[in-house]
Protein chains: 2
Amino acid sequence: MSTPASAFDLKSYLDAEWGAVEMARRELCARLLRDIPTAVAEPVEYALDAGGKRLRPILCVVAYRAVRERAERGADGPAGAEGGVGAAIYEIAMALEFIHTYSLIHDDLPCMDDDDLRRGLPTTHRVFGVPAATIAGAALIPLACRAVDEGGARLGLEPARRAELIQALCLAAGAAGMIGGQWLDLAAEGRTLDLVELQGVHQRKTGALLAVATRLGGMAAGADPRTLDALETYGAALGLAFQIADDILDLTGDTSRLGKVAGRDQELGKATYPSLLGVDGARYKARLEAERAVEALRDVGLDTPPLRALALYAVERDR
Amino acid sequence: MSTPASAFDLKSYLDAEWGAVEMARRELCARLLRDIPTAVAEPVEYALDAGGKRLRPILCVVAYRAVRERAERGADGPAGAEGGVGAAIYEIAMALEFIHTYSLIHDDLPCMDDDDLRRGLPTTHRVFGVPAATIAGAALIPLACRAVDEGGARLGLEPARRAELIQALCLAAGAAGMIGGQWLDLAAEGRTLDLVELQGVHQRKTGALLAVATRLGGMAAGADPRTLDALETYGAALGLAFQIADDILDLTGDTSRLGKVAGRDQELGKATYPSLLGVDGARYKARLEAERAVEALRDVGLDTPPLRALALYAVERDR
């Protein structure tokens, strides 16, 4: 990872957050998968265990923390959560990884992208078979709702707020958001999208879940509506920047570093930002989106070092 | 449909309820599918439109009504809902049909049971292809959560209660319930289950959703915990009775009447109640479960004519 421009040490920060997310994942899985048939629990755990950057949970936690810190500086009313500020926010945050993992499992299926590798490991259906992978993927959706509800309760959130969080998650994950984007992406194979269509796919497929990640963090911290909108704008713009960077990496990266087969988009004839704008044009667009993300936060006094650094990281990372 | 023993006219009752459920389905789909890509909305609507008995939503509404009527007779505290008692409970109820429809779409996939016909029509993947059917199926899960939340709000339920309803639905639908049962059912193909294993599959695969159907109805009506447990026992026992009757019909019915290919279980070598107990033994077991269902309700003063008649219907129907 390249060093961000600011003095903030994002790498150490992300490493620490990654560790906390992993701890929450293990605790949450131990609790939520206890009463589940082993044959379903195994592929679910395999897919969740396969690593990844945990960007969505980390964004949720960072947004939560930024709002709480602003509240402690006195700009807000009392923060939403009482008591256990520690591990519980990570359980809400893991719900985003559950939904993300569901989408990866299904995206990799033979009837979708038919991928063999994911995060450097054989895809879930390659290990457990297509039926188990299909079922495990779908099982992650209600598990995510449970994680938000139980994590929210442990965080001290009122049931009303937990219901709002679940509703927001379902909207972002569902057919109006991520799942709809999966379909648009798939339906676009074989024909060339223009830039407006491509952006429409990504806003849904990747953007919706990243936008709700920061929004959920803000909601859990009791942020006002204007702040929530700014957090959502940040997440959506960051998501777009991330996606553009992914497209560039798919073109210029190598398989061993990416942990997935490089050049796959080109092989499938998919429209991407570099295919439509050129690599330099795509880089420029990604940087604009990262700036737009930070701008949105500045307006509500939330442009904390980690949130700023994450926006830069989205476009400067090399995997 | 054979006439139930009591004077209660179940057929007219079910016809009226079926019509109300259909109206709610159309309104809910128009609202929830508005912002969804057409290519996802179409297979979702196709699968939901394909008819069926709407048993799960009807059970939810009947349970809701039974608790409300008991409250009006003065046995309970005030009923949970204020104001619009009309259409809104049907929207909560439709969430159960969303989950059920998801399970049918995925069950029929080539990687699962590989079925061509469902409710007398080509299965969703036969019309829209496997990718669209896989995505549409998964899309129904968050849609169900939204239906409960929005229907609950229209019914006047507090957010806290709506969160409880969503949580109960996710538990029943998820890997600990229905989705887990799907897998156990699939994993059992090719070997012969014993009676205990078979019951374990059905308690999850069919029973969990029917049990939560009556429970959600009770929760929406503000029932006390003891009543909720009785409603759940009723739903679970009814579900088992229904499943046993289904197994018998698969063996003795014909394809045109069933709307699906008859004799499929036998062809797949699946253990069923009649294969383990004989047809007469299975009929006896189904009747016992129906009696157990009514018994549970009697204990809490909820054995209303429609709930009694539905339990009988479960075992006496011919399709």
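These legends describe close-up views of a predicted model with chains A and B.

**View 1. Chains A and B are laid one on the other.** Chain B can be laid on chain A with an RMSD of 0.0 Å. The operation is a turn of 180° with a shift of 0.0 Å along the axis. The two copies are thus related as by a two-fold rotation axis. In general, a rotation about an axis and a shift along it relate two copies of a chain.

**View 2. The side of chain B that touches chain A.** Here 43 residues of chain B are in contact with 43 residues of chain A. Four elements of chain B give two or more residues to this side: α2 (38–49), α6 (130–155), α7 (159–173) and α8 (178–187). The most comes from α6(B), with 14 residues. By class, this side of chain B has 32 nonpolar residues, seven polar residues and four charged residues. Of the interface residues of chain B, 100% are also interface residues in chain A, so the copies meet through the same surface. For the complex, the predictor gives an ipTM of 0.76 and a pTM of 0.84.

**View 3. R54(A) in the loop between α2 and α3 of chain A.** The loop runs between α2 (38–49) and α3 (55–72). Phi of R54(A) is near 60°, a positive value in a residue other than glycine. Most residues other than glycine have a negative phi. Is R54(A) buried or exposed? R54(A) is buried, because 24 other C-beta atoms lie within 10 Å and the cut-off for buried is 20 or more.

**View 4. R119(A) in the loop between β1 and β2 of chain A.** The flanking strands are β1 (117–118) and β2 (121–122). R119(A) is a residue other than glycine with a positive phi, near 50°. R119(A) has 15 C-beta neighbours inside 10 Å and so counts as partly exposed. That class lies between the cut-offs of 12 or fewer for exposed and 20 or more for buried.

**View 5. Confidence along chain A.** The mean pLDDT of chain A is 87. In this chain, 90% of the residues reach 70 or more. Over residues 1–5 of chain A the pLDDT is below 50. Beyond near neighbours in sequence, the stretch 1–5 has twelve contacts in the model. Residues 79–84 of chain A also have pLDDT below 50. The stretch 79–84 has 19 contacts in the model beyond near neighbours in sequence.

Note on methods. Residues are numbered from 1 along each chain as its sequence is written. Chains are lettered from A and ligands numbered from 1 in the order in which they are written. This is a predicted model: local features need pLDDT of at least 70, side-chain atom pairs count only at pLDDT 80 or more; totals for chains, interfaces and linings use all residues. Copies are superposed by least squares on the C-alpha atoms of residues with pLDDT of at least 70 in both. Two residues are in contact if their C-beta atoms, placed from the backbone, lie within 7 Å. Ala, Val, Leu, Ile, Met, Phe, Trp, Tyr, Cys and Pro count as nonpolar, Asp, Glu, Lys and Arg as charged, and the others, Gly among them, as polar. pLDDT is the predictor's confidence in each residue, from 0 to 100.
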